[in-house]
Amino acid sequence: MPELFAYTDGACSGNPGPGGWGVLMIAREGGAVVKERTLNGGEAHTTNNRMELLAAISALEALTRESALTIVTDSAYVKNGVTEWIHSWKRNGWKTAGKDPVKNADLWQRLDAAQKSHKVTWRWIKGHAGHAENERADELARAGMAPFKVK
C-alpha cells in the first residue's frame, strides 16, 4: 500500500490581495514516487492564511475514499490550528479564549469536516528552505494566484 503525502502552500500578493493555493500530492511505495497529482486555485481578494487553509482543504477534498495521509505544510497557523487550537474553538462555539470570533472560521469548519473521514498526520516544515516538494507547492500556489494579479 503506497504512502500518501500532500504538500500544501498558499501565496498572497499583498495581505489581503490576490492569492493562490497549491497542492502536490505524492504516493510513495518503498520511497519511490508511484503517482503524482497537482491541484491549485486562487481568489482575487484574500489573505495568505486563507490560501494556506484552502490548500489543505483541497488536498483532503480531492480524496475519493477514506485514506491515511501526511499533510506537509509550511504554515504554523494551519498546523497548530488543526492539531491544537481547533478543539477549544469548537468547545467555545468558534470563539477564541478572549471570546472573539475565530478568524477564518468558515474554512476551519470546512477543514475539520474534510479531515473527519481520513487518518491525517500533520507535519510542519520551514518554507523557502530548499525542500523540493514545498517549493513545487509554492510554484503551484503562485500559478493559482497569477490570473488574479493586476498586471
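In which sense do β1 and β4 pair, and over how many bridges? The two strands run parallel, joined by five bridges. Keep in mind that this is a predicted model, and let's use that pair as the way in. One spot to find on screen is Y7, which stands opposite V72 in β4.

Now zoom out to the whole sheet. Five strands make it up, in the order β3-β2-β1-β4-β5, and the sheet is open with mixed pairing. The edges belong to β3 (32-46) and β5 (119-124); each has a single partner strand, so one side of each has no neighbour in the sheet. On average, neighbouring strands are turned by 20 degrees against each other, if you ignore direction.

On its other side, β1 meets β2. Strand β1 covers residues 3-12 and β2 covers residues 17-29, and the two run antiparallel with 10 bridges between them. To check the register, look for A6 opposite M25, and for G10, whose bridge partner in β2 is W21. The two strands form a hairpin with four residues between them. Nine of the 10 residues of β1 are buried, so this strand is mostly covered.

The turn of that hairpin deserves a closer look if you care about backbone torsions. G14 sits there with a positive phi of about 85 degrees. Then comes a cis peptide bond from N15 to P16, with omega near 15 degrees; P16 lies in the loop between β1 and β2. For context, most peptide bonds are trans, and most residues other than glycine have a negative phi.

What lies across the sheet? Helix α1 (residues 48-61) lies across β1, β2, β3, β4 (68-73) and β5, and it runs at about 155 degrees to β1.

Next up is α2, residues 76-91. It has 16 residues and spans 22 Å from its first C-alpha to its last, close to the 22 Å expected at 1.5 Å a residue. Even so, there is a kink of about 60 degrees, centred on W85. Which residues of α2 are buried? They are Y77, V78, G81, V82, I86 and W89. An α-helix has 3.6 residues a turn, so residues three or four places apart point the same way. You can see that kind of spacing in the buried set, for instance in V78 and V82. The cover over the buried residues of α2 includes α1, β4, α3 (105-115) and β5.

Past the end of α2, the backbone gets interesting again. G93, just after the helix, takes a positive phi of about 65 degrees. W94 also has a positive phi of about 65 degrees, although it is not a glycine. W94 is in the loop between α2 and α3, and it counts as buried, because its relative accessible area of 18% is under the 20% cut-off. That loop also holds N104, another residue other than glycine with a positive phi, near 60 degrees. At 15% relative accessibility, N104 is buried too.

Finish at helix α4 (residues 132-145), where you'll find E133. The side chain of E133 makes a polar contact of 2.7 Å with that of R28. Setting aside neighbours within four places in sequence, E133 is in contact with Y7, L24, I26 and R28. That brings you back to Y7, the residue opposite V72 in β4.

Methods
Residues numbered from 1 in each chain as written. Predicted model: local features only at pLDDT ≥ 70, side-chain atom pairs only at ≥ 80, totals over all residues. Heavy atoms only, no water. Polar contact = N/O pair within 3.5 Å; in protein donor to acceptor, adjacent residues only side chain to side chain. Contact = heavy atoms within 4.5 Å. Pairing = 2+ DSSP bridges. Axes fitted to C-alpha atoms, helices over the stretch in contact; angles between N-to-C directions. Expected span 1.5 Å × (residues − 1). Bend = angle between axes of the 7 residues up to and from the residue. Buried < 20%, exposed > 50% of the residue type's maximum accessible area, 1.4 Å probe, protein only.
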